[in-house]
Amino acid sequence: TYSLVRGYGLDALLRSFRAAFWLLPWGTRGLHRVVHFLLSIPILPAPLIFYAGAFRGVLPGALSRMQHEQTVECERSGLQLMRLADGVRVSFATADGVRLSGMFFMGHDRGFGSGRPDGPSIVRFNGNGEAWEYTDPGAVRDYTEKGMNLLVFNYRGVNASLWNPVMGRGWLGELLSRYLTLERDGAVLDSEAAIQYMTVGLGIPKPRLLLVGQSIGGAF
């Protein structure tokens with residue numbers, strides 16, 4: 001694009017067929033992003049099922065209503081999980097600036113350094129249609145009662161795990177992030193951010209951190 005503009009001038013490019021060559025790389029990349037997004041839906045549908053981003057208002061009515069109902073239900077389930085399993089809401093940022101939501105559960109004091117934020121811990125990676133708000137409180141207690149801390153979190157696009165605004169506009173931040181980062185790469189960045197939150201943010205030594213993946217979460 002730079003070479004074309006420098007060689008022919010912007011006005012001449014816009015008035016000639018060469019504009020197609022100028023726009024071709026950007027259009028191809030945009031099309032690639034759309035195709036990749038569509039192919040990612042059956043692999044990781046949670047960002048579509050639990051979507052609460054800036055573009056929900058322009059989606060088909062039935063889909064938008066379903067997403068709204070899921071958002072409300074997730075908020076209720078999250079509060080219940082926090083109450084029944086003594087969870088604390090947390091958020092942390094990825095390397096590309098997406099803020100993820102999650103919940104941290106402190107393990108009971110069972111010796112061997114447990115009962116502390118930097119004690120033996122687990123990070124759970126959701127499966128393809130999951131949100132952390134639907135985590136079973138009994139499953140959480142299975143870990144915490146044995147002295148294990150637990151972090152659960154949502155991938156980008158799921159409930160409150162949203163893109164940061166650009167120039168004060170949420171839709172612009174989401175659009176740019178989707179354009180720059182493939183869904184596959186975004187999920188990897190999200191996973192790395194969760195691990196970094198535990199090892200750097202809470203100071204948990206890596207040998208004391210266990211990664212648990214459900215379904216596609218095992219791949220991440």
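One aromatic cluster brings together Phe92, Phe125, Phe153, Tyr155, Tyr197 and Phe220 in this predicted model. Across the structure there are 6 aromatic pairs. One cluster member, Phe153, also belongs to strand β4 (residues 149-153), so that strand is a handy place to continue the tour.

**Strand β4 and its surroundings**
- 5 of the 5 residues of β4 are buried, so the strand is largely enclosed by the rest of the structure.
- Asn149, Leu151 and Phe153 point one way from β4.
- Leu150 and Val152 point the other way, and these residues are buried too.

**Strand partners of β4**
- Strand β2 (residues 98-105) runs antiparallel to β4, and 4 bridges join the two.
- On the β2 side, phenylalanine 105 stands opposite leucine 150 in β4.
- Strand β3 (residues 121-125) pairs with β4 in the parallel sense, again over 4 bridges.
- For the pairing with β3, look at valine 123, which stands opposite leucine 151 in β4.
- Leu150 and Leu151, the β4 residues named in these two pairings, point opposite ways from the strand.

**How β3 connects to β4**
- Helix α6 (residues 137-144) joins β3 and β4 in making a β-α-β unit.
- This β-α-β unit is right-handed.

**A charge over a ring**
- If you enjoy side-chain contacts, have a look at arginine 29, which lies over the face of tyrosine 179.
- Arginine 29 is placed at 5.1 Å from the centre of that tyrosine 179 ring.

Conventions:
Residues are numbered from 1 along each chain as its sequence is written. This is a predicted model: local features need pLDDT of at least 70, side-chain atom pairs count only at pLDDT 80 or more; totals for chains, interfaces and linings use all residues. Side-chain values use heavy atoms; hydrogens and water are left out. Buried means under 20% relative accessible area, exposed over 50%, partly exposed in between (1.4 Å probe, protein chains only). Two strands pair if DSSP finds at least two bridges between them. A crossover is right-handed if, with the strands pointing away from the viewer, the path from the first strand over the helix to the second runs clockwise. Rings of Phe, Tyr and Trp (its six-membered ring) pair if their centres lie within 6.5 Å; planes under 30 degrees apart count as stacked, over 60 as edge-to-face and the rest as tilted. A charge sits over a ring if NZ of Lys or CZ of Arg is within 6 Å of the ring centre and within 35 degrees of the ring normal.
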